Amino acid sequence: MSHFSPTAAVNYFFNYFLMKGVLVTIGLTIAAVIGGLILGMGIALMRMSSNPVLSGAARFYTWFFRGTPLLIQLVVIYSGLPQLGIKFSVITCALVGLILNEAAYLAEIVRSGFMAVSAGQREAAWALSLSPWVTFRRITLPQAFRLMIPPLGNSINSLLKATSLASVISVEELMRRSDMLMQEHFQILEVYAAATAYYLILTSVWDAIQRRLEKHFGRSSASKSKRAAARVPVAQASVEARA
């Protein structure tokens with residue numbers, strides 16, 4: 001009867017083949033976050049639009065991609081689209097699936113962040129004769145981003161682990177390469193112990209980054225609030241005068 005070998009687990013942890021899988025996992029996560037944020041921002045703006053067509057399309061998008069499993073989406077993109085004559089490389093299929101899925105979640109996070117900013121803030125900016133772009137860049141976006149950080153961080157944490165589903169379509173990320181090593185050496189516990197350690201390290205590093213971001217933007221927001229407090233009476237007086 002074989003037993004768990006700590007030495008073998010350590011050897012797998014420092015295995016170059018497995019390390020390359022970790023880099024692929026990190027790359028997939030970063031690319032999916034960037035692409036998901038860009039697409040998600042557009043979907044959020046469409047969702048908040050007064051145009052019923054744009055709003056309806058955005059609502060359908062989030063309903064569809066949040067309501068179906070990421071695994072099915074990846075398999076359809078990789079195996080189903082070629083039936084329609086649409087073919088992508090394995091990495092491209094994984095990125096398209098991850099981005100489309102992540103954008104649906106990030107769109108709701110972005111929308112919730114913007115909606116949480118008080119309308120009074122925009123009214124005060126209008127009273128101070130700030131342009132819509134300056135109001136968005138200097139007032140709405142910073143406050144909304146601060147509110148988005150916790151749910152955004154949780155979504156990225158989940159995405160990092162969800163990249164393991166790309167192994168189903170043969171993307172050689174951490175999970176796929178762990179499977180390949182396990183099938184070659186039949187040391188299940190040792191291989192997956194090494195993979196587990198890598199996932200824990202990656203999620204812990206991101207957790208530390210998220211806490212730093214929350215602390216930084218929370219401190220920045222507090223200092224800006226103190227400066228803005230001095231302007232509130234002036235803004236309120238202007239609003240009352242225009243009323």
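Before you start clicking, one cut-off: a residue is called buried under 20% relative accessible area, exposed over 50%, and partly exposed in between. Take E172 as a trial case: its relative accessible area is 33%, so E172 is partly exposed. Keep in mind throughout that this is a predicted model.

**The whole chain**

Colour by secondary structure to begin. You'll get 10 helices and 0 strands, so to speak an α-α-α-α-α-α-α-α-α-α run from the N terminus on. Of the 243 residues, 35% count as buried. Switch on a surface and you're looking at about 14,100 Å² of accessible area, with 66% of that belonging to carbon and sulfur atoms. If you like contact maps, take the contacts with a separation of 6 or more: residues 24 or more positions apart account for 76% of them.

**The annotated stretches**

Next, select residues 22–46, 58–78, 84–107 and 191–209. The UniProt record, an unreviewed entry, labels these "transmembrane region". Two of them are worth a ruler. Residues 58–78 are 90% helix and 0% strand, with end C-alpha atoms 24 Å apart. Residues 191–209 come out as 100% helix and 0% strand, and there the end C-alpha atoms are 28 Å apart.

**A greasy patch outside**

Now show L23, I26, I30, I34 and I38 as sticks. Together they make a nonpolar surface patch with about 500 Å² of accessible area. Zoom in on L23, which sits in helix 2, residues 16–47. Is L23 buried or exposed? Its relative accessibility is 58%, so L23 counts as exposed.

**Inside: the largest core**

Hide the surface and go for the interior. The largest nonpolar core has 24 residues, and the ones touching the most other members are L28, A94, L98, M148, I169 and V171. Which elements give two or more residues to this core? They are helix 2, helix 4 (70–80), helix 5 and helix 7 (132–162). Helix 5 gives the most, with 7 residues.

Centre on I169 next. Setting aside neighbours within four places in sequence, I169 is in contact with L74, V75, Y78, V90, C93 and A94. Apart from this core there is another one, of 15 residues, including Y12, L160, V191 and L202.

**Around L181**

Stay with V191 and add L181 to the selection. These two are 10 residues apart in sequence, and their C-alpha atoms are 7.0 Å apart in space. L181 belongs to helix 8, residues 174–185. At 4% relative accessibility, L181 counts as buried. What does L181 touch, once residues up to four places away in sequence are left out? The list is Y12, N15, F17, L18, F186 and V191.

**Charged stops**

Time for the salt bridges. Side chains of opposite charge can pair when their charged atoms come close. How many salt bridges does the structure hold? There are 4.

Start with E108 and R47, whose side chains meet at 3.7 Å, N to O. This pair links distant parts of the chain: E108 is in helix 5 (residues 90–116) and R47 is in helix 2, 61 residues apart. Check the accessibility of both ends. E108 counts as buried at 14%, and R47 is buried too, with a relative accessible area of 17%. Add R111 to the view as well, since R47, E108 and R111 are linked in a network of salt bridges.

Then go back to E172, your trial case. The E172 side chain meets that of R177 in a salt bridge of 3.0 Å, N to O. E172 is partly exposed, whereas R177 is buried, with a relative accessible area of 10%.

Last pick: R211 and D207. Their side chains form a salt bridge at 2.3 Å, N to O. Why are R211 and D207 separated by about one helical turn? Because they are 4 residues apart in helix 9, residues 188–229. D207, at 33% relative accessibility, counts as partly exposed.

Key: Residues are numbered from 1 along each chain as its sequence is written. This is a predicted model: local features need pLDDT of at least 70, side-chain atom pairs count only at pLDDT 80 or more; totals for chains, interfaces and linings use all residues. Side-chain values use heavy atoms; hydrogens and water are left out. Patches are made of residues with over 30% relative accessible area and no salt bridge: like charges are joined within 9 Å, nonpolar side chains (Val, Leu, Ile, Met, Phe, Trp, Tyr) within 5 Å. Accessible areas come from the Shrake-Rupley method with a 1.4 Å probe; for residues, only the protein chains shown count as cover. Buried means under 20% relative accessible area, exposed over 50%, partly exposed in between (1.4 Å probe, protein chains only). UniProt positions are given in the numbering used here, feature names are shortened, and annotations may be inferred rather than shown by experiment. Contact means heavy atoms within 4.5 Å. A nonpolar core is a set of buried Ala, Val, Leu, Ile, Met, Phe, Trp, Tyr and Cys residues joined through side-chain atoms within 4.5 Å.
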